[in-house]
Amino acid sequence: SYLFYLTAHEVQLVKLQSHHKIQRLARQLLSFAHQEPVFGKGMSAPEFSKISYQLFGYLFPISIPQKLIIIPDGALSKLPFEILLINPSYMNEFKHLPYLIQHSTVSYAYSASMLFTSHNTKNTKYTNECLALAPSYNSQPGKQGATRGSLKSLRDENLMELPGVKLEVKSIASHFSGDFLFGKEANEYNFKTLAPHYKIIHIASHADANEQNPIFSKMNLSSAKAEDGKLYAYEVYNLNLPAELIVLSACETGDGKYIKGEGILSLARSFLYAGCASVVQTMWKTDDLASVKMMGYFYSYLSKKNSKDLALTQAKRDFLTSSKGMQSHPYYWASFTLIGDQAAISHTRYHHWFWLVGIMLIGVLLLYAKKRT
């Protein structure tokens with residue numbers, strides 16, 4: 001294994017020790033992180049710390065910059081590097097561990113070629129800033145702690161309602177202007193019709209990753225007209241979506257089939273191919289209410305003109321700071337990762353009042369003309 005380290009001032013090629021150990025440790029950490037913690041089961045914080053710091057030592061034989069863009073390979077492709085520990089620790093709680101996320105902002109790319117591919121959205125004429133969708137499924141209400149993946153035990157893909165998705169979209173509306181669709185309005189037809197015209201797209205829903213046939217991975221929206229509500233990756237590839245950012249707040253939207261040299265074929269990748277400059281994706285099943293909390297922090301920082309990678313980094317730090325007990329376990333906060341462009345959202349001002357004044361002015365001129373006649 002090799003580390004190709006590129007900065008504005010230097011290029012290094014570093015041979016890493018023990019390829020097999022790196023892959024084994026990465027698989028162990030990933031297995032640990034994507035399992036919802038159950039009291040008395042799984043790794044303890046000290047056990048996790050030992051493995052995490054050991055893997056960090058293998059992967060970073062160099063000084064750590066404050067901004068990282070990572071192009072991972074092999075078993076590392078599905079691992080959020082944010083959970084690596086930069087110092088040894090023997091603490092019994094996950095909350096105060098010395099995670100990499102506390103030191104550096106982290107984002108990802110699938111490959112070097114995709115990293116340096118420019119997404120020119122500057123000349124795109126957007127209708128508004130944000131389109132956000134929170135679909136409903138005509139099913140039984142979910143419980144607290146529900147996950148945003150399909151429930152395989154229910155036949156005919158009868159999906160459980162997610163109580164958090166409406167709260168999540170409403171919180172976005174407090175930071176950005178736009179169109180916020182709930183229930184039956186958050187359907188596949190409306191998405192395909194409206195999505196090409198927004199800077200930010202946010203989908204809070206159920207999703208299914210298909211690792212064997214990634215083009216059949218899908219987001220589950222509401223159904224309407226000729227659309228069945230299943231937005232497959234192969235459909236997304238054929239769309240034109242010049243958004244600056246899309247957030248796929250559902251289960252396993254960044255998971256899929258790994259292709260050596262190219263990275264993961266996933267739902268998230270299909271949106272990049274369709275023209276989105278960057279995607280916030282999830283690497284495993286996400287807790288519904290934890291997602292609401294994380295996205296609230298993220299959009300708050302994003303609205304303050306922070307770069308996307310810094311906004312997500314700060315959101316994770318705030319999540320850890322405010323978490324209690326096992327809520328600080330990486331399962332709840334590390335799944336969300338940013339892939340693609342890191343730049344802040346461009347803040348075009350939509351002067352709707354200007355048109356109102358223009359209409360009033362026309363009215364005054366017409367009135368004046370009538371008086372003259």
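**Close-up views of a pocket, a surface patch and two cavities**

**View 1. Strand 1 gives the lining of the largest pocket its largest share, namely five residues.** In this predicted model, the largest pocket holds about 1000 Å³ of space. Its lining is made up of 34 residues, and those that lie nearest the centre of the pocket are L3, F4, I69, I70 and I71. Besides strand 1, the elements that give two or more residues to this lining are helix 1 (19–33), strand 3 (67–70) and helix 3 (112–115). Sorted by class, the lining of the largest pocket comprises 23 nonpolar, eight polar and three charged residues.

**View 2. A nonpolar patch of about 740 Å² on the surface is formed by Y2, F4, L6, V11, L13 and F116.** Two elements, strand 1 (2–6) and strand 2 (11–15), each give two or more residues to the nonpolar patch, and it is strand 1 that makes the largest contribution, with three residues. F4, which is one of the patch residues, lies in strand 1. With a relative accessible area of 57%, F4 counts as exposed, because that term applies to residues over 50%. F4 also belongs to the residues that lie nearest the centre of the largest pocket, so a reader who has followed the first view will meet this residue again here.

**View 3. The largest cavity encloses about 140 Å³ of space.** Among the 14 residues that line this cavity, P72, S77, Y108, I264 and Q281 are the closest to its centre. At least two lining residues are supplied by strand 13 (263–266), and at least two by strand 15 (336–340). When the residues that line the largest cavity are grouped by class, nine are nonpolar, four are polar and one is charged. The structure holds two cavities of 30 Å³ or more, and the other is the subject of the next view.

**View 4. The second largest cavity, with a volume of about 50 Å³, is shown with the residues around it.** Its lining consists of W284, K285, T286, D287, A290, S291, Y331, Y332, S335 and F336. Helix 8 (288–302) and helix 10 (330–333) are the elements that give two or more residues to the lining of this second largest cavity. By class, five of the residues that line the second largest cavity are nonpolar, three are polar and two are charged.

Key: Residues are numbered from 1 along each chain as its sequence is written. This is a predicted model: local features need pLDDT of at least 70, side-chain atom pairs count only at pLDDT 80 or more; totals for chains, interfaces and linings use all residues. Side-chain values use heavy atoms; hydrogens and water are left out. Patches are made of residues with over 30% relative accessible area and no salt bridge: like charges are joined within 9 Å, nonpolar side chains (Val, Leu, Ile, Met, Phe, Trp, Tyr) within 5 Å. Accessible areas come from the Shrake-Rupley method with a 1.4 Å probe; for residues, only the protein chains shown count as cover. A salt bridge is a side-chain nitrogen of Lys or Arg within 4 Å of a carboxyl oxygen of Asp or Glu. Helices (H or I, at least four residues) and strands (E, at least two) are DSSP runs, numbered from the N terminus. Buried means under 20% relative accessible area, exposed over 50%, partly exposed in between (1.4 Å probe, protein chains only). On a 1 Å grid over the protein atoms alone, a cavity is a set of points where a 1.4 Å probe fits but cannot get out, and a pocket is an open set with protein on both sides within 12 Å along at least five of seven lines; lining residues have an atom within 4 Å of a point. Grid points are joined across faces, edges and corners, and a volume is the space filled by probe spheres set on the points. Ala, Val, Leu, Ile, Met, Phe, Trp, Tyr, Cys and Pro count as nonpolar, Asp, Glu, Lys and Arg as charged, and the others, Gly among them, as polar.
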